[in-house]
Amino acid sequence: MNPNEIERVLTQHDNVAQAVVVDQDPGTVAYVVLRAATAAADTRAEEQVTEWQEIFDRLYGSNTSAEFGENFAGWNSAYDRRPIDVAEMRQWRDRTVERIRELEPRRVVELGAGSGLLLAPLARDCEEYWATDLSSVGVDELARHVSADPALADRVVLRSQGADDVDGLPAAHFDTAVINSVVQLFPSGSYLTTVINRALTLLKPGGSLFVGDIRDLRTRDYLFAAIALRHPRATDADAVRRLAQKHGAKDEELFVHPDFFLDIARSHPDVAGVDVQLKQSNHHNELTRHRYDIVLHKAPSQATDVSGCPQLRWGDEVTSLAELDKQVAASAGPLRVTGVPNARLAGEAAALRAVEAGDSARAAELARSIDPDSVDPHDVSLLATAAGRHAVFAPSAAQADRFEVVFVAGKEKLIGTYPVADPARPQLTESPAAAHRGAALSAQLGDWLRDKVPARFLPTSIVALDDLPLLPDGTVDRTSLGRVAHGLGDPA
Ligand SMILES: C[S@@+](CC[C@H](N)C(=O)[O-])C[C@H]1O[C@@H](n2cnc3c(N)ncnc32)[C@H](O)[C@@H]1O
């Protein structure tokens, strides 16, 4: 049987609306859009977008007194739901602004601009700054601030629309597109793919798409365990596991594996490469532990490719900051150090291992401690600055509690900061609550297919999608299918 025939069998199932079967390494994968799941997921996705719109309308409508660019209302920590310290939020914003400035923005489009935390400092140095947001109340508030400032009023254009809607925005016009701290609110991986494909159409050749503050799928289990460990009922390891699971089943926000963007860089004809970076910060909080930023550089790109630079392995070729200092001083061009234990995350990672080993008391201690053998990225930044270099931090593909650092000459445009994909090829996006709902449905379909298709033709896996990712022309984006999956069934 060929893939088309298997697609035809699959679509005979009452619950299958669409099926696409593709040969992928290491086997055949069937991507299905399930009717029950689709109807539910479509409604859920729309509901979710509307819910966020209502939440942000209320938030922006009731916080109108903050100075423009200083409205941090709603930035609460996942650990305890309390506002993140304002000094930490200011540093988070300033570092984000610095990273966007490194892209030399002149004509910017920002999707999901919120209260203008980035627009306020960036727009006055740009020729044009177009900003959209789902929340019309938020956009009205932005308009009030912008119209009061002549330096902004003549260059800022505001529109109230979702990030997947680029109507009215000029194509191939901008050098920089920004989507910061919005992806977690997207209803699915396919929505994210659609937004990225459309945002890329807004960029001129050579432009950059900055996507910031993305929740890291690799570290999700550390986060859920750390949240559970703070709960008063987390009295033993089973209770911690149950609380973490319960938290996951309610979590509607999107997590994305950095490989998602590596795949886009490899498969999208317009993308020259991707820069994936952990946050630059001296703070340890939810945002610096569990979120990262990426830049997709549209071809042709002037960015320096550091993917093939010389590298050293931490714990083997370099074992301390003093040794690292010497190695950096001795190196001429870019230098990468891999497998560095991340002080921001080592405690939470050890805590999760303790929960798995059944020791919740030890886990609670570990979650709040800093492993003395781990390395704080901030100390590496200081070391780099003292050596006249700049350090950028990237995720370590298969080792979520470690980072990679690349020493470069200065703050420049880079690609290839995250060059090696996770060998386990995990699913790349997940909205935990949606995954929970979809997994049961795809498992049932796997059982049904076993009776219809000879064993040797069974797909290696069945992947249920909320919808198929689309290219700007409305056809299925086959190359990104693997990036948007959730809810795996395995009939083979
Ligand atoms: C956490 S705020 C971030 C705002 C801003 N980008 C920043 O970094 O300060 C998220 C914003 O995304 C908007 N938003 C949520 N879902 C959206 C969607 N699907 N399309 C466009 N905007 C969305 C919300 O209204 C809110 O203003």
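Visitor: What makes the pair of a ligand nitrogen atom and the side chain of Tyr-191 a polar contact?

Guide: The ligand nitrogen lies 2.9 Å from an N or O atom in the Tyr-191 side chain. A polar contact is a pair of N or O atoms within 3.5 Å; within protein, one must be able to donate a hydrogen and the other to accept it, and residues adjacent in sequence count only if both atoms are side-chain atoms. So 2.9 Å qualifies.

This is a predicted model: local features need pLDDT of at least 70, side-chain atom pairs count only at pLDDT 80 or more, and totals for chains, interfaces and linings use all residues. Residues are numbered from 1 along each chain as its sequence is written, and side-chain values use heavy atoms, without hydrogens and water.

Visitor: Why is Cys-126 called buried?

Guide: Its relative accessibility is 2%. Buried means under 20% relative accessible area, exposed over 50%, partly exposed in between (1.4 Å probe, protein chains only). So Cys-126 is buried. Cys-309, at 12%, is buried too.

Visitor: What makes Arg-99 and Asp-275 a salt bridge?

Guide: Their closest N and O atoms are 2.8 Å apart. The rule asks for a side-chain nitrogen of Lys or Arg within 4 Å of a carboxyl oxygen of Asp or Glu. So the pair counts. Both residues are buried.

Visitor: Why is Glu-127 called buried, exposed or partly exposed?

Guide: Glu-127 has a relative accessible area of 43%. That falls in between the two cut-offs, so Glu-127 is partly exposed. Arg-106, at 39%, is partly exposed as well. Glu-127 and Arg-106 form a salt bridge, with closest N and O atoms 3.7 Å apart.
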